[in-house]
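Hi,

Here is the structure I said I would pass on. Have a look at it first, and then read my notes underneath.

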Amino acid sequence: MGQRLVSLITREASYAGKPLLYAGTLLLNYLYPPYCPGCGLPAAAAAGLCRRCRLLLASDPDMRRWSEGSDFSYCAGKFYLSQVIACWDYSPLLGRIIQAIKYSGRPRLGVWMGELAADRLRACLLRERCDLIVPVPLHALRRRERGYNQSRMIARGIASRLTIPVSSSVLKRVRPTVTQTSLSGEERQVNTAGVFQVRNRDAVRGSHVLIIDDVVTTGATMNSAAEALVAAGAGRVSGAALARPVLGLHAFR
Ligand SMILES: [Zn+2]
């Protein structure tokens, strides 16, 4: 490997204005080749997807929207979201991408998927004034463990494309929740009750807030966040996620 690596770095670095930087990047690419998180094949851009996966996502017509709690019967109490949008139907491809955003240390992929999701959300939100984007917060312990909040990355991508302000400090998760994978819809609702607190009521008063999460399943987490926002004076709360897995089939919230 040594000789091949040295000649590769020398050749490429000689073209570059910043030889050390280029050599470092090449070394990293050589040791850890950029791959597409959707299909596992080498991809040109380390942060994004390969062309084939990008086309698959762009051409997938299955975007879903539920209004006024329809199809969220797991939430037995009041439903605080006026609409919930899943940008894609859940598929193995989406599952692999979401796994990579959450567990493979690829926060930039979250921003990139947010940008892609924004193009689909734009059509849904065309006639609605949306004032503020708020990502579902992680508890501080979980965020420290992971190094970043994946929903915040997705929200950043969406906000930049839709030119809507985004704030990750408005809403706080005041206690950690247990992993919800094995919980029923009702148990999830108990698990997520009262875990969110609004820290800046002025920022949400009278506003239409769009909550962003990576996935939405029963809606319990998103509904709990919406409850806190409505209690703080938000005029209306919508929710959006990359996809909605079927409860029990996939190990997601
Ligand atoms: Zn791919």
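**Starting at Tyr90**

Let's begin in a loop: Tyr90 sits between strand 2 and helix 4. Keep in mind throughout that this is a predicted model. Is Tyr90 buried or exposed? With 22 other C-beta atoms within 10 Å, Tyr90 counts as buried, because the cut-off for that is 20 or more. Tyr90 also has a partner from elsewhere in the sequence: its C-alpha atom is separated by 9.0 Å from that of Asp62, and the two residues are 28 apart along the chain.

**The chain overall**

To put that in context, the protein chain has ten helices and seven strands. It runs to 253 residues, of which 40% are buried. If you take the contacts between residues at least 6 apart in sequence, 73% of them join residues at least 24 apart.

**Helix 4 and its surroundings**

After the Tyr90 loop comes helix 4, which covers residues 92-103. Its length checks out: at 1.5 Å a residue, twelve residues should span 16 Å, and the end C-alpha atoms are indeed 16 Å apart. The buried residues here are Leu94, Ile97, Ile98, Ala100, Ile101 and Lys102, so a lysine is on the list as well. What covers them? Strand 2 (83-89), helix 5 (107-124), helix 7 (150-162), strand 6 (208-215) and strand 7 (236-244) are included in the cover. Following helix 4 you will find Gly105, with a positive phi near 60°.

Helix 5 deserves a separate word. It packs against helix 4 at an angle of about 135°, and the two axes are 7 Å apart. That angle makes the pair oblique, because roughly antiparallel would need over 145 degrees. The crossing of helix 4 and helix 5 is left-handed. On the helix 4 side the contact uses Ile97, Ala100 and Ile101, while helix 5 brings in Leu109, Gly110 and Met113. By class, that contact has five nonpolar residues, one polar and no charged.

**Helix 5 against helix 7**

Helix 5 also packs on helix 7, at about 45° and with the axes 6 Å apart. This pair is therefore oblique too, but the crossing of helix 5 and helix 7 is right-handed. Many residues take part: from helix 5 they include Trp112, Met113, Glu115, Asp119 and Arg122, and from helix 7 they include Met153, Ile154, Arg156, Ile158 and Arg161. The classes come to twelve nonpolar, five polar and five charged residues for the contact of helix 5 with helix 7.

**A backbone oddity at Thr163**

Thr163 lies in the loop between helix 7 and strand 4 (171-173). Its phi is positive, near 45°, and it is not a glycine. For background, most residues other than glycine have a negative phi. Thr163 is exposed, with 7 other C-beta atoms within 10 Å.

**Helix 10**

Last stop, helix 10 (residues 220-231). Its twelve residues should span 16 Å at 1.5 Å a residue, and the end C-alpha atoms agree at 16 Å apart. How many of the twelve residues of helix 10 are buried? Ten of them are, so the helix is largely enclosed by the rest of the structure. Among the buried residues are Thr221, Asn223, Ser224 and Glu227, along with Met222 and Leu229. Gly233 follows helix 10, and its phi is positive, near 110°.

Cheers

How values were computed:
Residues are numbered from 1 along each chain as its sequence is written. This is a predicted model: local features need pLDDT of at least 70, side-chain atom pairs count only at pLDDT 80 or more; totals for chains, interfaces and linings use all residues. Helices (H or I, at least four residues) and strands (E, at least two) are DSSP runs, numbered from the N terminus. The expected span of a helix is 1.5 Å times one less than its number of residues. Two residues are in contact if their C-beta atoms, placed from the backbone, lie within 7 Å. Axes are lines fitted to C-alpha atoms, for helices over the stretch in contact, and angles run from 0 to 180 degrees between N-to-C directions. Angles under 35 degrees count as roughly parallel, over 145 as roughly antiparallel, 65 to 115 as roughly perpendicular and the rest as oblique. A crossing is left-handed if the near helix is turned anticlockwise from the far one by less than a right angle, and right-handed if clockwise. Ala, Val, Leu, Ile, Met, Phe, Trp, Tyr, Cys and Pro count as nonpolar, Asp, Glu, Lys and Arg as charged, and the others, Gly among them, as polar.
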